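Grab a pencil and have a go at the exercises below. Try each task yourself before you read on to its solution.

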Amino acid sequence: MTNASPTAEEYFLQQHTVCCQLLRTCNFEKNSEDLHQLRVSIKKIKAILCLLNDLQADFKFKTCFAPYKNIFKHLAPIREEFLQIERLKNDTGNRQIKSKRSARVSKLIKGFKNASSAYLKDIEIILPVILKHLRNLKYKTILPYCQKLLKHLKKQWKNIDNDDKLHRYRKQLKQLLYCSKLLTAKERSQLISAEKLKNIDMLQNIIGQWHDNILLLNRISKDDLAVSTPFYRSLQNETKGLEKNAHKKGGKL
């Protein structure tokens with residue numbers, strides 16, 4: 001490699017280390033950013049494992065990702081509660097929402113802390129298997145992989161016609177963004193311009209915000225949450241705007 005870009009093994013180990021550190025502390029109530037960072041580290045780990053799955057016929061993705069997937073799934077309800085507390089505190093018709101939902105957050109975090117030592121053990125058990133495959137990965141295959149992924153993303157955008165497809169598409173955008181980190185600056189410029197890479201990052205962020213709104217709207221519509229009519233209408237309008245913006249940016253891929 002001709003610059004400071006990490007190897008796939010280095011990148012994976014960086015994220016694995018972050019994951020382990022945050023699992024040991026589980027300091028989510030005092031610092032919700034830790035929750036975000038733990039989720040991001042697992043998403044980046046998944047990107048590397050997906051790359052291995054596509055480039056190595058004998059790599060067993062489901063087995064290797066399973067311990068990380070279990071952590072991610074356990075974090076999902078905690079994150080959802082945090083997001084909804086943050087959003088609903090601005091609803092003038094729902095002054096008590098923070099105190100009511102904070103109790104649920106504490107209970108969820110306690111359950112996660114109790115499971116964290118088992119999660120740590122599971123990811124350490126699978127680590128040698130993943131590292132073995134990473135050390136057999138041929139660096140020269142990464143740029144063609146990213147080029148193929150980008151081509152597929154451009155083609156697939158035309159078929160995004162429902163909410164589920166849009167959410168899944170975001171995961172593929174992240175796959176490209178994370179794997180492009182393994183390329184040299186010169187290789188990245190061969191792959192895509194800095195401007196278009198920035199546009200992809202903005203697009204995945206917009207889709208992420210849109211999806212969070214969809215989750216909140218779904219809970220409100222199921223009567224799981226009581227909100228004021230002005231808040232509900234504002235959330236609906238914001239969600240429609242985010243979806244429109246996503247389709248506008250997606251057309252520029």
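What follows is a set of exercises on this predicted model, each with a worked solution.

**Exercise 1: a salt bridge between two helices**

Task: Find out which parts of the chain the salt bridge between glutamate 9 and arginine 135 ties together.

Solution:
- Start with the pair itself. The side chains of glutamate 9 and arginine 135 form a salt bridge, with 3.0 Å from N to O.
- Next, place each partner. Glutamate 9 sits in helix H1 (residues 8-25) and arginine 135 in helix H4, so the bridge ties together parts that are 126 residues apart in sequence.
- Then check how open each one is. Glutamate 9 has a relative accessible area of 21%, so it is partly exposed. Arginine 135 is at 54%, so it is exposed.

**Exercise 2: a leucine beside the bridge**

Task: Decide whether leucine 131 is buried or exposed, and list what it touches beyond its sequence neighbours.

Solution:
- Locate the residue: leucine 131 is in helix H4, which covers residues 97-135.
- Buried means under 20% relative accessible area. Leucine 131 has 10%, so it counts as buried.
- Now look for contacts, skipping residues up to four places away in sequence. Leucine 131 touches Glu9, Phe12 and Leu13.
- Take Glu9 from that list. The C-alpha atoms of leucine 131 and glutamate 9 are 6.8 Å apart, though their positions lie 122 residues apart along the chain. Glutamate 9 is also the residue that pairs with arginine 135 in a salt bridge.

**Exercise 3: a network of charges**

Task: Work out which residues are joined into one network by salt bridges that share partners.

Solution:
- Begin with glutamate 80. Its salt bridge is with arginine 219, and the closest N and O atoms are 3.7 Å apart.
- Glutamate 80 belongs to helix H3 and arginine 219 to helix H8 (residues 194-221), so this pair links parts that are 139 residues apart in sequence.
- As for exposure, glutamate 80 is at 23% relative accessibility and so counts as partly exposed, while arginine 219, at 17%, counts as buried.
- Move on to glutamate 81. Its side chain meets that of arginine 104 in a salt bridge of 2.8 Å, N to O.
- Glutamate 81 is in helix H3 and arginine 104 in helix H4, so here the parts tied together are 23 residues apart in sequence.
- Glutamate 81 has just 1% relative accessibility and therefore counts as buried. Arginine 104, at 41%, counts as partly exposed.
- Put it together: Glu80, Glu81, Arg104 and Arg219 are joined into one network by salt bridges that share partners.
- For the wider tally, the model has seven salt bridges.

**Exercise 4: a patch of positive charge**

Task: Find which helix gives the most to the positive patch.

Solution:
- List the members: Lys62, Lys69, Lys73 and Lys171 gather on the surface as a patch of positive charge.
- Helix H3 (residues 61-88) gives the most, with three residues.
- Check one of the members. Lysine 69 lies in helix H3, and its relative accessibility of 44% is why it counts as partly exposed.

**Exercise 5: two cysteines**

Task: Say where cysteine 26 is found, and what is unusual about its phi given that it is not a glycine.

Solution:
- Cysteine 26 is in the loop between H1 and helix H2 (32-55).
- Most residues other than glycine have a negative phi. Cysteine 26 has a positive one, about 45 degrees.
- With 3% relative accessibility, cysteine 26 counts as buried.
- Compare cysteine 19, which lies in helix H1. Its relative accessibility is 0%, so cysteine 19 is buried too.
- Leaving out neighbours within four places, cysteine 19 is in contact with Leu38, Ser41, Ile42, Ile45, Tyr68, Ile71 and Ile123.

**Exercise 6: a tryptophan in a loop**

Task: Place tryptophan 157 between its helices and name what it touches.

Solution:
- Tryptophan 157 lies in the loop between helix H5 (142-156) and helix H6 (163-180).
- At 12% relative accessibility, this tryptophan counts as buried.
- Beyond residues up to four places away in sequence, tryptophan 157 touches Leu166, Tyr169, Ala246, His247, Gly250, Gly251 and Leu253.
- For Tyr169, twelve residues along the chain from tryptophan 157, the C-alpha separation is 8.0 Å.

Definitions and conventions: Residues numbered from 1 in each chain as written. Predicted model: local features only at pLDDT ≥ 70, side-chain atom pairs only at ≥ 80, totals over all residues. Heavy atoms only, no water. Patch = residues over 30% accessible without salt bridge, like charges linked within 9 Å, V, L, I, M, F, W, Y side chains within 5 Å. Areas by Shrake-Rupley, 256 points an atom, 1.4 Å probe, with all protein chains shown as cover. Salt bridge = Lys/Arg side-chain N within 4 Å of Asp/Glu carboxyl O. Lys, Arg positive; Asp, Glu negative; His and termini not counted. Charge placed at Lys NZ, Arg CZ, Asp CG, Glu CD. Helix = DSSP H or I, 4+ residues; strand = E, 2+ residues; numbered from the N terminus. Buried < 20%, exposed > 50% of the residue type's maximum accessible area, 1.4 Å probe, protein only. Contact = heavy atoms within 4.5 Å.
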